[in-house]
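Please read the points below beside the coordinates. They cover charge pairs, backbone geometry and one surface patch.

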Amino acid sequence: NHQKISLGAFYGTVDGPGFTFAWTHRNIGGMGDVLSGKGDMSKRFIAGNITYKKPNFPLLKQTYRAFGELSRENIHAYLSFVYR
């Protein structure tokens, strides 16, 4: 099987209860390409990222990697919004 799904729960003293999830597809393009995503969510924050890896691109023994991340955090002292 080329796909994997993970779910979890957590509790933080500042954040309270929350959950985490992840998904991976290890052969999305049929040539060993990997696409994966991960996310965390609680009452005070939400965060996630996505990664794409293509092996042997552009040359043999090299890997192309694209990564994106997004997060939002709201704590009494400040509000944060980050993306990359």
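Which side chain meets that of arginine 84 in a salt bridge?

1. The partner is glutamate 69, with an N to O distance of 2.9 Å. This is a predicted model, and the pair should be read as such. Glutamate 69 belongs to strand 5 (residues 63–75), whereas arginine 84 sits in the segment after strand 6 (78–83). The pair thus links distant parts of the chain, 15 residues apart. Arginine 84 is exposed, at a relative accessible area of 67%. For glutamate 69 the value is 26%, which makes this residue partly exposed.

2. On the total: the count of salt bridges comes to three. As background, side chains of opposite charge can pair when their charged atoms come close. The remaining pairs are taken up in the next points.

3. Lysine 54 forms a salt bridge with aspartate 33, and the closest N and O atoms are 3.5 Å apart. Lysine 54 lies in strand 4 (residues 45–55) and aspartate 33 in the loop between strand 2 and strand 3 (34–42), so this salt bridge ties together parts that are 21 residues apart in sequence. The backbone can be checked as well: the C-alpha atoms of lysine 54 and aspartate 33 are separated by 4.7 Å.

4. The accessibility of this pair deserves a separate remark. Aspartate 33 has 4% relative accessibility and therefore counts as buried, the cut-off for that class being under 20%. Lysine 54, at 25% relative accessibility, counts as partly exposed. Leaving aside neighbours within four places in sequence, lysine 54 is in contact with Asp33, Gln62, Thr63 and Tyr64. The salt-bridge partner is thus among the contacts of lysine 54.

5. Lysine 38 and aspartate 40 also form a salt bridge, with 3.5 Å between the closest N and O atoms. Lysine 38 is partly exposed, with a relative accessible area of 41%. Aspartate 40 counts as buried at 19% relative accessibility; the class needs a value under 20%. I would quote the percentage along with the label here.

6. Next, the backbone of the loop between strand 4 and strand 5. Which peptide bond is cis, with omega near 0°? The bond in question runs from phenylalanine 57 to proline 58, and proline 58 lies in the loop between strand 4 and strand 5. For context, most peptide bonds are trans.

7. The loop between strand 4 and strand 5 also holds asparagine 56 and lysine 61. Asparagine 56 has a positive phi of about 55° although it is not a glycine. Lysine 61, likewise not a glycine, has a positive phi of about 65°. In general, most residues other than glycine have a negative phi. Asparagine 56 is partly exposed, with a relative accessible area of 45%, while lysine 61 is exposed at 82%.

8. What is the area of the nonpolar surface patch, and which residues make it? Its area is about 770 Å², and the residues are Ile5, Leu7, Phe19, Phe21, Trp23, Ile28, Met41 and Ile46. Strand 2 gives the most to the patch, with three residues. Strand 1 (3–12) and strand 2 each supply at least two residues. Isoleucine 5, a patch member, is found in strand 1. With 64% relative accessibility, isoleucine 5 counts as exposed, since that class requires over 50%.

9. A last point concerns threonine 24, which is placed in strand 2 (residues 16–25). Is threonine 24 buried or exposed? At 18% relative accessibility, threonine 24 counts as buried, because the limit is under 20%. Not counting residues up to four places away in sequence, threonine 24 touches His2, Gln3, Lys4, Val34, Leu35 and Ser36. Of these, Gln3 and Lys4 fall within the range of strand 1 (3–12), and Val34, Leu35 and Ser36 within that of strand 3 (34–42).

Key
Residues are numbered from 1 along each chain as its sequence is written. This is a predicted model: local features need pLDDT of at least 70, side-chain atom pairs count only at pLDDT 80 or more; totals for chains, interfaces and linings use all residues. Side-chain values use heavy atoms; hydrogens and water are left out. Helices (H or I, at least four residues) and strands (E, at least two) are DSSP runs, numbered from the N terminus. Buried means under 20% relative accessible area, exposed over 50%, partly exposed in between (1.4 Å probe, protein chains only). Contact means heavy atoms within 4.5 Å. A salt bridge is a side-chain nitrogen of Lys or Arg within 4 Å of a carboxyl oxygen of Asp or Glu. Patches are made of residues with over 30% relative accessible area and no salt bridge: like charges are joined within 9 Å, nonpolar side chains (Val, Leu, Ile, Met, Phe, Trp, Tyr) within 5 Å. Accessible areas come from the Shrake-Rupley method with a 1.4 Å probe; for residues, only the protein chains shown count as cover.
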